[in-house]
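Subject: Structure for you to look at

Hello,

Here is the structure I said I would pass on. Please open it and keep it beside this email while you read.

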Amino acid sequence: MIPVVLETFTFLDRNANRDVALAWKDSIGKPLAVKVVPCEARDLDQSWAYFQRRDLYKLSGVDATSFAIMKRAGIRVAFSFDHHFAMAGFRMVG
């Protein structure tokens, strides 16, 4: 989920510092750290459906694409503080 990688890096860079963000970026390539699920063209196609939902007010494109990727990959749990994940049917931890 490349958009999530970029969004997380930006969050850490802005809320911690650049060294923390770079250390996190380096750690995701290590075995057993995280699995990066690539975004496919069909995920973007599927993401538009989330914008049709009135309950997902102020939804971002990154979140909508993440939902589509997670659905395709069978991921049901999200480490997130964003309420949109729960509203889209994912269980949140964080």
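Start with the largest pocket, which has 25 residues in its lining; V4, T8, F79, S80 and F85 are the ones nearest its centre. Before going further, note that this is a predicted model. The volume of the largest pocket comes to about 920 Å³. Three elements, α1 (2–15), α4 and β1 (77–79), each contribute at least two residues to the lining. Of these, α1 has the largest share, with 5 residues. By residue type, the lining is made up of 17 nonpolar, 4 polar and 4 charged residues.

Next, the core.

In soluble globular proteins, nonpolar side chains tend to be buried together. Which residues make up the largest nonpolar core here? There are 10 residues in all: Y50, L56, L59, A64, F67, M70, A78, F85, A88 and F90. Helix α4 (residues 61–73) gives the most to this core, namely 3 residues. F85 is worth finding on screen, since it is listed in the core and is also among the residues nearest the centre of the largest pocket.

Three members of the core can be looked at one by one.

Y50 sits in the loop between α3 and α4. Is Y50 buried or exposed? Its relative accessible area is 11%, and buried means under 20%, so Y50 counts as buried. Leaving out neighbours within four places in sequence, Y50 is in contact with L56, L59, A64, F67, A68, K71 and A88. You can also check a distance from Y50: T65 is 15 residues away along the chain, and the two C-alpha atoms are 8.8 Å apart.

L56 is in the loop between α3 and α4 as well. With a relative accessibility of 4%, L56 counts as buried. Once neighbours within four places in sequence are set aside, the contacts of L56 are Y50, F67, H84, M87 and A88. For a distance across the model, take L56 and K25: they are 31 residues apart in sequence, and 30 Å separates them in space, C-alpha to C-alpha.

A64 is in contact with S47, Y50, F51 and L59, again leaving aside neighbours within four places in sequence.

The loop between α3 and α4 also holds K58. K58 has a relative accessible area of 67%, and exposed means over 50%, so K58 counts as exposed. The backbone of K58 has a phi near 60°, which is a positive value in a residue other than glycine.

Now the charged side chains.

How many salt bridges does the structure hold? There are 6 salt bridges. One of them joins the side chains of K25 and D26, at 2.8 Å from N to O. Both partners are partly exposed: K25 has a relative accessibility of 40%, and D26 has 45%.

Another salt bridge is formed by the side chains of R42 and E40, at 2.6 Å from N to O. E40 also meets R72 in a salt bridge, where the N to O distance is 3.6 Å. Why does the E40 and R72 pair tie together parts that are 32 residues apart in sequence? E40 is in the loop between α2 (18–27) and α3 (41–47), and R72 is in helix α4, so the pair connects those two parts. The relative accessibility is 48% for R42, 30% for E40 and 28% for R72. Each of these values lies between 20% and 50%, so R42, E40 and R72 count as partly exposed. Together with D43, these residues are linked in a network of salt bridges: E40, R42, D43 and R72.

One last residue to find is A73, which is in helix α4. A73 is partly exposed, with a relative accessible area of 39%. V93 is 20 residues from A73 along the chain, and their C-alpha atoms are separated by 18 Å.

If you want an order for looking, begin with the lining of the largest pocket, go on to the core residues, and finish with the network of E40, R42, D43 and R72.

Regards

Technical notes:
Residues are numbered from 1 along each chain as its sequence is written. This is a predicted model: local features need pLDDT of at least 70, side-chain atom pairs count only at pLDDT 80 or more; totals for chains, interfaces and linings use all residues. Side-chain values use heavy atoms; hydrogens and water are left out. A nonpolar core is a set of buried Ala, Val, Leu, Ile, Met, Phe, Trp, Tyr and Cys residues joined through side-chain atoms within 4.5 Å. Buried means under 20% relative accessible area, exposed over 50%, partly exposed in between (1.4 Å probe, protein chains only). Helices (H or I, at least four residues) and strands (E, at least two) are DSSP runs, numbered from the N terminus. Contact means heavy atoms within 4.5 Å. On a 1 Å grid over the protein atoms alone, a cavity is a set of points where a 1.4 Å probe fits but cannot get out, and a pocket is an open set with protein on both sides within 12 Å along at least five of seven lines; lining residues have an atom within 4 Å of a point. Grid points are joined across faces, edges and corners, and a volume is the space filled by probe spheres set on the points. Ala, Val, Leu, Ile, Met, Phe, Trp, Tyr, Cys and Pro count as nonpolar, Asp, Glu, Lys and Arg as charged, and the others, Gly among them, as polar. A salt bridge is a side-chain nitrogen of Lys or Arg within 4 Å of a carboxyl oxygen of Asp or Glu.
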